[in-house]
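Work through the exercises below with the sequence and the 3D structure open beside you. Try each task yourself before you read its solution.

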Amino acid sequence: MRPQIVVPNIAGVHNQNPEDTNKRLEASKSYRDLSTIIICPTRGSMSVKVVQSWMGLMRPMNQKVIGPIFAIGMEVGEAYNSTIEMILANPELSKWKYILTIEEDNLPPPDGLLKLYESMDQYDVVGGLYWTKGEGGQPMIYGDPKVEPLNFIPQVPITDGVQPANGLGMGFNLFKLDIFKDPRLPRPWFRTVQEFIPGQGTRAYTQDLYFYENAGKLGYKFACDTRVKVGHYDIERDVIW
């Protein structure tokens, strides 16, 4: 320790600039109800690398966070639908604020969940940034809300910011639970669609974009927090994309 003349700072660092401190607290939402249920569809086994990442995931202090609740061996859309139906039917869990979806091959950063909370005043679903697997991977930020007509063309990610979108992947997304209580939203909420409609043509959706199209038409808003960089693990090649 270097020599010094001690002049105590009795008030403490966080009291020196109350305005900045209060802005930090407001951004983190740490004084609000952040009760969160983590859910995960799975085939029944996961990589140690994924488990290690989840074990390091920071949870908000003194808040209710449970899970992951696993749905094993189900079609992915049905896994989400069944788990959320179970939550809504539970007298306690149905009162919680958020659902965090996480998938068996995604590796979120330790502070990922804490960062997602920061944008939940402006958006109804906020997800981390992750990419499809492979050398030609695309960011799972689908469609620019400012561009008409409605589309799900992948956007180029902005640098470390919150980017509005028409749809997202499901690998690390925070949902307001109240969305699923909206009677206007068609059930099942998540549905994989591959169909031909005479006079209209073909439709093909993954279960996530089916949800986002229907919810977006009702005015719900979605965004990707590109600060939250989520790895997408290819276990066969042992590569995190």
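What follows is a set of exercises on helices, sheets, a loop residue and the nonpolar core, each with a worked solution.

The model is a predicted one, in which local features need pLDDT of at least 70 and side-chain atom pairs count only at pLDDT 80 or more, while totals for chains, interfaces and linings use all residues. Residues are numbered from 1 along each chain as its sequence is written, and side-chain values use heavy atoms, with hydrogens and water left out.

**Exercise 1. The two sides of a helix**

Find out which residues of helix α3 are buried and which are exposed, and explain why the buried ones line one face.

Solution. Begin with the terms: helices (H or I, at least four residues) and strands (E, at least two) are DSSP runs, numbered from the N terminus; buried means under 20% relative accessible area, exposed over 50%, and partly exposed in between, with a 1.4 Å probe and protein chains only.

Next, go through α3, which spans residues 48-55, and you will find that V50, S53 and W54 are buried. Seen down the axis of α3, these buried residues fall within an arc of 95° (taken from the directions from the helix axis to the C-beta atoms), so they line one face of the helix. On the other side of α3, V48, Q52 and M55 are exposed.

Then ask what covers the buried residues: the cover includes the strands β1 (36-42), β2 (65-72), β3 (98-102), β4 (106-107) and β13 (231-234), where contact means heavy atoms within 4.5 Å.

Finally, look at the N-terminal end of α3, which is capped by S47, since a side-chain oxygen of this residue lies 3.0 Å from the backbone nitrogen of K49. Such a polar contact is a pair of N or O atoms within 3.5 Å; within protein, one must be able to donate a hydrogen and the other to accept it, and residues adjacent in sequence count only if both atoms are side-chain atoms.

**Exercise 2. A loop residue**

Locate Q63 and list its contacts, leaving aside its neighbours within four places in sequence.

Solution. Q63 has its place in the loop between α3 and β2. With those neighbours left aside, Q63 is in contact with S30, R32, D33, L34 and S35. For L34 there is a further detail, as the side chain of Q63 reaches the backbone nitrogen of L34 at 2.9 Å.

**Exercise 3. The order of the strands**

Write down the strand order of the open sheet of seven strands, and then say which strands stand at its edges.

Solution. Two strands pair if DSSP finds at least two bridges between them. Following the pairs across the sheet gives the order β2-β1-β3-β9-β5-β12-β7, and the pairing is mixed. β2 and β7 (162-165) stand at the edges with a single partner strand each, so one side of each is left without a neighbour in the sheet.

Now check individual pairs. β1 and β2 are parallel and share six bridges, and C40 has F70 in β2 as its bridge partner. β3 and β9 are antiparallel over five bridges, with T101 standing opposite N173 in β9.

Last, place a helix on the sheet: α4 (residues 76-89) lies across β1, β2 and β3 and runs at about 150° to β1. For this angle, axes are lines fitted to C-alpha atoms, for helices over the stretch in contact, and angles run from 0 to 180 degrees between N-to-C directions.

**Exercise 4. An enclosed strand**

Is strand β5 largely enclosed or left open, and which strands pair with β5?

Solution. Five of the five residues of β5 (residues 125-129) are buried, so this strand is largely enclosed by the rest of the structure. β5 pairs with β9 (residues 172-176) in the antiparallel sense over three bridges, and with β12 (residues 222-229) in the parallel sense over five bridges. V126 shows both pairings, having L174 as its bridge partner in β9 and A223 in β12.

**Exercise 5. The nonpolar core**

How many residues does the largest nonpolar core have, and what does F211 touch?

Solution. A nonpolar core is a set of buried Ala, Val, Leu, Ile, Met, Phe, Trp, Tyr and Cys residues joined through side-chain atoms within 4.5 Å. The largest one has 55 residues, and those with the most contacts inside it are F172, F175, F180, F190, F211 and Y212. Not counting residues up to four places away in sequence, F211 touches F175, I179, F180, L185, W189 and F190. F211 is among the buried residues of α6, a helix (residues 207-217) that is mostly covered, with nine of its eleven residues buried.
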